[in-house]
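Visitor: Please walk me through this structure, and justify the terms you use as you go.

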Amino acid sequence: MWLLLLAASTTANASIIQRVAATPLARGAVLRVASDLTGGLPLEQWKTRVTRFPNETATSSLRSVYRYQGGVKAFWSGTGARVVEGSCSGAVLLGARECAHQFLRQTAPSIADTALAAFAVGAAAGACQALVMGPCTYLVTRSAVEGKSAGRCLRDAFADKSLWRGLATLYAGAGAVAMRQATNWASRQGLTDLFQRRLGLPLLACGVLGGIGSCWNTPLEVKRIRAQSGLGSLGDVWREEGLAGCFRGVTPRAAQAAWQTCFMVVLPTLLF
(Lines give C-alpha, C1' and ligand atoms only; values in the text may rest on other atoms or scores of the structure.)
Protein backbone atom coordinates (compact mmCIF):
# COMPACT_ATOMS: atom_id res chain seq x y z
CA MET A 1 0.00 0.00 0.00
CA TRP A 2 2.74 2.44 1.01
CA LEU A 3 4.66 1.65 -2.13
CA LEU A 4 1.56 2.32 -4.24
CA LEU A 5 0.99 5.64 -2.48
CA LEU A 6 4.66 6.59 -2.90
CA ALA A 7 4.56 5.71 -6.59
CA ALA A 8 1.37 7.70 -7.09
CA SER A 9 2.84 10.67 -5.22
CA THR A 10 6.05 10.52 -7.22
CA THR A 11 4.11 10.35 -10.48
CA ALA A 12 1.94 13.30 -9.45
CA ASN A 13 4.96 15.37 -8.42
CA ALA A 14 6.76 14.56 -11.67
CA SER A 15 3.67 15.62 -13.59
CA ILE A 16 3.54 18.92 -11.70
CA ILE A 17 7.24 19.55 -12.29
CA GLN A 18 6.85 18.82 -16.00
CA ARG A 19 3.90 21.21 -16.28
CA VAL A 20 5.82 23.96 -14.48
CA ALA A 21 8.97 23.37 -16.55
CA ALA A 22 6.86 23.58 -19.70
CA THR A 23 5.76 27.15 -18.99
CA PRO A 24 7.81 30.03 -20.41
CA LEU A 25 7.50 31.93 -17.12
CA ALA A 26 9.16 29.17 -15.09
CA ARG A 27 11.82 28.52 -17.72
CA GLY A 28 12.67 32.19 -17.92
CA ALA A 29 12.98 32.58 -14.15
CA VAL A 30 15.19 29.51 -13.73
CA LEU A 31 17.44 30.23 -16.70
CA ARG A 32 17.97 33.90 -15.82
CA VAL A 33 18.82 33.17 -12.18
CA ALA A 34 21.21 30.42 -13.31
CA SER A 35 22.81 32.88 -15.73
CA ASP A 36 23.31 35.50 -13.02
CA LEU A 37 24.64 33.20 -10.31
CA THR A 38 27.09 31.38 -12.56
CA GLY A 39 28.66 34.44 -14.16
CA GLY A 40 26.25 37.25 -14.94
CA LEU A 41 26.44 39.00 -11.57
CA PRO A 42 30.27 39.11 -11.35
CA LEU A 43 30.32 40.53 -14.88
CA GLU A 44 27.70 43.10 -13.82
CA GLN A 45 29.87 44.20 -10.89
CA TRP A 46 32.88 44.54 -13.19
CA LYS A 47 30.91 46.43 -15.84
CA THR A 48 29.41 48.82 -13.28
CA ARG A 49 32.81 49.57 -11.73
CA VAL A 50 34.56 50.35 -15.00
CA THR A 51 31.64 52.54 -16.14
CA ARG A 52 31.39 54.36 -12.83
CA PHE A 53 35.11 55.17 -12.49
CA PRO A 54 36.47 56.74 -15.71
CA ASN A 55 40.04 56.76 -14.43
CA GLU A 56 40.14 52.96 -14.32
CA THR A 57 40.73 50.59 -17.21
CA ALA A 58 38.83 47.34 -17.62
CA THR A 59 41.73 45.43 -16.05
CA SER A 60 42.28 47.81 -13.14
CA SER A 61 38.53 47.90 -12.43
CA LEU A 62 38.51 44.13 -12.15
CA ARG A 63 41.31 44.32 -9.59
CA SER A 64 39.58 47.19 -7.77
CA VAL A 65 36.40 45.19 -7.22
CA TYR A 66 38.51 42.53 -5.54
CA ARG A 67 40.79 44.83 -3.54
CA TYR A 68 38.48 47.62 -2.40
CA GLN A 69 34.98 46.16 -2.37
CA GLY A 70 35.45 43.01 -0.32
CA GLY A 71 37.41 40.34 -2.14
CA VAL A 72 35.80 37.49 -4.09
CA LYS A 73 32.43 37.94 -2.38
CA ALA A 74 32.25 41.49 -3.78
CA PHE A 75 31.59 40.03 -7.21
CA TRP A 76 28.34 38.60 -5.84
CA SER A 77 27.33 41.73 -3.93
CA GLY A 78 23.62 42.43 -4.39
CA THR A 79 22.84 38.76 -4.99
CA GLY A 80 19.47 38.99 -3.23
CA ALA A 81 18.28 41.88 -5.37
CA ARG A 82 19.70 40.21 -8.47
CA VAL A 83 17.87 36.93 -7.79
CA VAL A 84 14.60 38.82 -7.39
CA GLU A 85 15.29 40.82 -10.53
CA GLY A 86 16.50 37.79 -12.47
CA SER A 87 13.55 35.56 -11.63
CA CYS A 88 11.04 38.31 -12.44
CA SER A 89 12.74 39.67 -15.55
CA GLY A 90 13.56 36.21 -16.90
CA ALA A 91 9.95 35.12 -16.47
CA VAL A 92 8.70 38.31 -18.13
CA LEU A 93 11.20 37.96 -20.99
CA LEU A 94 10.26 34.44 -22.04
CA GLY A 95 6.59 34.92 -21.20
CA ALA A 96 6.29 38.13 -23.22
CA ARG A 97 8.35 36.63 -26.03
CA GLU A 98 5.98 33.67 -26.27
CA CYS A 99 2.94 36.01 -26.27
CA ALA A 100 4.51 38.14 -29.00
CA HIS A 101 5.24 35.05 -31.09
CA GLN A 102 1.67 33.85 -30.73
CA PHE A 103 0.37 37.28 -31.71
CA LEU A 104 2.50 37.32 -34.86
CA ARG A 105 1.46 33.78 -35.79
CA GLN A 106 -2.17 34.81 -35.59
CA THR A 107 -1.98 38.25 -37.18
CA ALA A 108 0.96 38.02 -39.59
CA PRO A 109 1.78 34.34 -40.19
CA SER A 110 3.83 35.17 -43.29
CA ILE A 111 6.53 36.91 -41.22
CA ALA A 112 6.15 35.06 -37.92
CA ASP A 113 9.19 32.85 -38.51
CA THR A 114 11.52 35.39 -40.11
CA ALA A 115 14.55 37.23 -38.75
CA LEU A 116 12.49 40.44 -38.75
CA ALA A 117 10.01 38.80 -36.38
CA ALA A 118 12.87 37.77 -34.11
CA PHE A 119 13.96 41.41 -33.80
CA ALA A 120 10.38 42.56 -33.14
CA VAL A 121 9.64 39.86 -30.59
CA GLY A 122 12.91 40.52 -28.76
CA ALA A 123 12.17 44.25 -28.59
CA ALA A 124 8.67 43.68 -27.19
CA ALA A 125 9.89 41.20 -24.58
CA GLY A 126 12.80 43.41 -23.56
CA ALA A 127 10.57 46.47 -23.13
CA CYS A 128 8.24 44.48 -20.87
CA GLN A 129 11.20 43.64 -18.61
CA ALA A 130 11.63 47.28 -17.65
CA LEU A 131 8.48 47.07 -15.53
CA VAL A 132 10.22 44.80 -13.01
CA MET A 133 13.88 45.68 -13.47
CA GLY A 134 14.02 49.33 -12.36
CA PRO A 135 14.27 48.95 -8.56
CA CYS A 136 16.52 45.89 -8.68
CA THR A 137 18.99 47.37 -11.15
CA TYR A 138 19.12 50.46 -8.93
CA LEU A 139 19.98 48.36 -5.87
CA VAL A 140 22.60 46.28 -7.70
CA THR A 141 24.19 49.43 -9.18
CA ARG A 142 24.30 51.28 -5.87
CA SER A 143 25.67 48.18 -4.16
CA ALA A 144 28.45 47.90 -6.75
CA VAL A 145 29.28 51.62 -6.58
CA GLU A 146 29.12 52.12 -2.80
CA GLY A 147 30.05 48.65 -1.53
CA LYS A 148 26.88 48.50 0.61
CA SER A 149 24.40 45.67 0.93
CA ALA A 150 21.24 45.85 -1.17
CA GLY A 151 19.20 46.19 2.03
CA ARG A 152 21.22 49.23 3.13
CA CYS A 153 20.84 50.82 -0.31
CA LEU A 154 17.09 50.24 -0.11
CA ARG A 155 16.93 51.95 3.28
CA ASP A 156 18.98 54.85 1.95
CA ALA A 157 16.57 55.31 -0.97
CA PHE A 158 13.70 55.91 1.46
CA ALA A 159 15.66 57.78 4.15
CA ASP A 160 14.01 61.13 4.97
CA LYS A 161 11.85 60.88 1.87
CA SER A 162 8.16 60.37 1.19
CA LEU A 163 6.95 57.06 -0.19
CA TRP A 164 6.53 58.60 -3.63
CA ARG A 165 10.00 60.14 -3.69
CA GLY A 166 11.50 56.87 -2.44
CA LEU A 167 9.81 54.91 -5.23
CA ALA A 168 10.90 57.52 -7.76
CA THR A 169 14.48 57.07 -6.52
CA LEU A 170 14.28 53.32 -7.09
CA TYR A 171 13.15 53.99 -10.67
CA ALA A 172 15.95 56.44 -11.45
CA GLY A 173 17.11 55.78 -14.98
CA ALA A 174 13.97 53.76 -15.79
CA GLY A 175 13.73 55.31 -19.26
CA ALA A 176 17.27 54.22 -20.05
CA VAL A 177 16.49 50.76 -18.66
CA ALA A 178 13.45 50.44 -20.96
CA MET A 179 15.37 51.57 -24.04
CA ARG A 180 18.33 49.40 -23.13
CA GLN A 181 16.24 46.26 -22.61
CA ALA A 182 14.22 46.71 -25.78
CA THR A 183 17.33 47.20 -27.91
CA ASN A 184 19.26 44.53 -25.97
CA TRP A 185 16.85 41.72 -26.66
CA ALA A 186 15.87 42.88 -30.13
CA SER A 187 19.56 42.63 -31.04
CA ARG A 188 20.30 39.43 -29.12
CA GLN A 189 17.29 37.55 -30.43
CA GLY A 190 17.37 39.06 -33.92
CA LEU A 191 21.11 38.84 -34.56
CA THR A 192 21.30 35.28 -33.24
CA ASP A 193 18.51 34.27 -35.62
CA LEU A 194 20.03 36.25 -38.50
CA PHE A 195 23.51 34.78 -38.04
CA GLN A 196 22.11 31.27 -37.95
CA ARG A 197 20.11 31.83 -41.15
CA ARG A 198 22.86 33.60 -43.08
CA LEU A 199 26.07 32.06 -41.74
CA GLY A 200 24.88 28.57 -40.89
CA LEU A 201 27.00 28.50 -37.73
CA PRO A 202 26.13 26.37 -34.68
CA LEU A 203 23.44 28.01 -32.57
CA LEU A 204 25.77 28.49 -29.60
CA ALA A 205 28.27 30.43 -31.75
CA CYS A 206 25.42 32.52 -33.16
CA GLY A 207 24.28 33.30 -29.62
CA VAL A 208 27.75 34.51 -28.62
CA LEU A 209 27.98 36.69 -31.74
CA GLY A 210 24.45 37.99 -31.20
CA GLY A 211 25.24 38.92 -27.61
CA ILE A 212 28.43 40.74 -28.57
CA GLY A 213 26.64 42.50 -31.43
CA SER A 214 23.98 43.80 -29.05
CA CYS A 215 26.58 45.99 -27.33
CA TRP A 216 26.13 48.72 -29.93
CA ASN A 217 23.72 50.29 -27.41
CA THR A 218 26.33 50.61 -24.64
CA PRO A 219 25.72 54.40 -24.39
CA LEU A 220 22.26 53.57 -23.00
CA GLU A 221 23.89 51.43 -20.32
CA VAL A 222 26.33 54.22 -19.47
CA LYS A 223 23.37 56.59 -19.20
CA ARG A 224 21.53 54.18 -16.89
CA ILE A 225 24.50 53.69 -14.57
CA ARG A 226 25.19 57.42 -14.41
CA ALA A 227 21.56 58.17 -13.59
CA GLN A 228 21.34 55.49 -10.89
CA SER A 229 24.66 56.61 -9.39
CA GLY A 230 23.59 60.25 -9.28
CA LEU A 231 26.45 61.33 -11.56
CA GLY A 232 24.69 63.33 -14.23
CA SER A 233 23.72 62.66 -17.81
CA LEU A 234 25.13 61.03 -20.92
CA GLY A 235 25.71 64.53 -22.27
CA ASP A 236 28.12 65.14 -19.40
CA VAL A 237 30.01 61.97 -20.36
CA TRP A 238 30.20 63.15 -23.98
CA ARG A 239 31.58 66.53 -22.98
CA GLU A 240 34.10 65.08 -20.54
CA GLU A 241 35.29 61.95 -22.37
CA GLY A 242 33.90 62.04 -25.88
CA LEU A 243 32.78 58.96 -27.80
CA ALA A 244 35.08 56.63 -25.87
CA GLY A 245 33.35 57.56 -22.62
CA CYS A 246 29.97 56.58 -24.06
CA PHE A 247 31.31 53.05 -24.59
CA ARG A 248 32.99 52.60 -21.22
CA GLY A 249 32.58 49.09 -19.86
CA VAL A 250 31.96 47.56 -23.28
CA THR A 251 34.44 44.71 -22.66
CA PRO A 252 32.74 43.24 -19.56
CA ARG A 253 29.36 44.10 -21.06
CA ALA A 254 30.14 42.09 -24.20
CA ALA A 255 31.07 39.09 -22.05
CA GLN A 256 27.89 39.48 -20.01
CA ALA A 257 25.72 39.90 -23.11
CA ALA A 258 27.14 36.77 -24.73
CA TRP A 259 26.63 34.85 -21.47
CA GLN A 260 22.99 35.95 -21.09
CA THR A 261 22.18 35.35 -24.75
CA CYS A 262 23.37 31.77 -24.48
CA PHE A 263 21.13 31.21 -21.46
CA MET A 264 18.04 33.13 -22.58
CA VAL A 265 18.04 32.66 -26.36
CA VAL A 266 20.10 29.57 -27.17
CA LEU A 267 19.17 27.23 -24.30
CA PRO A 268 15.38 27.69 -24.63
CA THR A 269 15.72 26.85 -28.31
CA LEU A 270 17.89 23.79 -27.72
CA LEU A 271 16.21 22.35 -24.63
CA PHE A 272 12.53 23.16 -24.94
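What follows is a set of questions on a predicted model, each answered from the values and cut-offs behind the words.

Visitor: What is the make-up of the protein in helices and strands?
Guide: It has 13 helices and zero strands. From the N terminus on, the elements run α-α-α-α-α-α-α-α-α-α-α-α-α.

Visitor: How much of the protein is buried?
Guide: Of the 272 residues, 49% are buried. The word stands for a relative accessible area under 20%.

Visitor: Let us turn to helix packing. How is a packed pair described?
Guide: Two values do it: the angle between the two axes and the distance between them.

Visitor: What makes H2 oblique to H4?
Guide: Helix H2 covers residues 24–52 and helix H4 covers residues 79–107; they pack at about 135°, with axes 7 Å apart. Roughly antiparallel needs an angle over 145, and roughly perpendicular spans 65 to 115. The angle of about 135° fits neither class, so H2 is oblique to H4. H2 passes H4 in a right-handed crossing.

Visitor: Which residue classes make up the contact of H2 with H4?
Guide: Ten residues are nonpolar, eight are polar and seven are charged.

Visitor: Where is Val33, and is Val33 buried or exposed?
Guide: Val33 sits in helix H2. Its relative accessibility is 17%. The limit for buried is under 20%, so Val33 counts as buried. Val33 and Ser87 are 54 residues apart in sequence, yet their C-alpha atoms are 5.8 Å apart in space.

Visitor: Why are H2 and H13 called roughly antiparallel?
Guide: Helix H13 covers residues 250–271; its axis and that of H2 come within 8 Å and cross at roughly 175°. The class starts over 145 degrees, so the pair is roughly antiparallel. By class, their contact has twelve nonpolar, eight polar and five charged residues.

Visitor: What makes H8 roughly antiparallel to H10?
Guide: H8 and H10 pack at about 155°, with axes 9 Å apart. The angle is over 145, so H8 is roughly antiparallel to H10. The crossing of H8 and H10 is left-handed.

Visitor: Now the charged side chains. How many salt bridges are there?
Guide: The structure holds 13 salt bridges. In general, side chains of opposite charge can pair when their charged atoms come close.

Visitor: What makes Arg224 and Glu44 a salt bridge?
Guide: Their closest N and O atoms are 3.4 Å apart. The cut-off is within 4 Å, so the pair qualifies. Arg224 lies in helix H10 (residues 218–228) and Glu44 in helix H2, so the bridge ties together parts 180 residues apart in sequence.

Visitor: Are Arg224 and Glu44 buried or exposed?
Guide: Arg224 has a relative accessibility of 0% and counts as buried. Glu44 has a relative accessible area of 4% and is buried. Each value is set against the limit of under 20%.

Visitor: Which parts does the salt bridge of Glu221 and Arg180 tie together?
Guide: The side chains of Glu221 and Arg180 meet at 2.5 Å, N to O. Glu221 lies in helix H10 and Arg180 in helix H8 (residues 174–199), so the pair ties together parts 41 residues apart in sequence. Glu221 and Arg180 are buried.

Visitor: Where do Asp193 and Arg197 lie?
Guide: Both lie in helix H8, four residues apart, about one turn of the helix. They form a salt bridge, with the closest N and O atoms 2.4 Å apart.

Visitor: Why is Asp193 called buried and Arg197 partly exposed?
Guide: Asp193 has a relative accessible area of 19%, and buried means under 20%, so Asp193 is buried. Arg197 is at 48%, and exposed means over 50%, so Arg197 counts as partly exposed.

Visitor: Which residues are linked in a network of salt bridges?
Guide: Arg32, Asp36, Glu44, Lys47, Arg82, Glu85, Arg180, Glu221 and Arg224.

Visitor: Last, the cysteines. How many disulfides does the structure hold?
Guide: Zero. Take Cys128: its sulfur is 8.5 Å from the closest cysteine sulfur, in Cys99. A disulfide needs the sulfur atoms within 2.5 Å, so that distance is too far for a bond.

Visitor: Why are Cys128 and Cys88 called partly exposed?
Guide: Cys128 has a relative accessible area of 32%. For Cys88 the value is 34%. Buried is under 20% and exposed over 50%, so Cys128 and Cys88 are partly exposed.

Terms used
Residues are numbered from 1 along each chain as its sequence is written. This is a predicted model: local features need pLDDT of at least 70, side-chain atom pairs count only at pLDDT 80 or more; totals for chains, interfaces and linings use all residues. Side-chain values use heavy atoms; hydrogens and water are left out. Buried means under 20% relative accessible area, exposed over 50%, partly exposed in between (1.4 Å probe, protein chains only). Axes are lines fitted to C-alpha atoms, for helices over the stretch in contact, and angles run from 0 to 180 degrees between N-to-C directions. Helices (H or I, at least four residues) and strands (E, at least two) are DSSP runs, numbered from the N terminus. Angles under 35 degrees count as roughly parallel, over 145 as roughly antiparallel, 65 to 115 as roughly perpendicular and the rest as oblique. A crossing is left-handed if the near helix is turned anticlockwise from the far one by less than a right angle, and right-handed if clockwise. Ala, Val, Leu, Ile, Met, Phe, Trp, Tyr, Cys and Pro count as nonpolar, Asp, Glu, Lys and Arg as charged, and the others, Gly among them, as polar.
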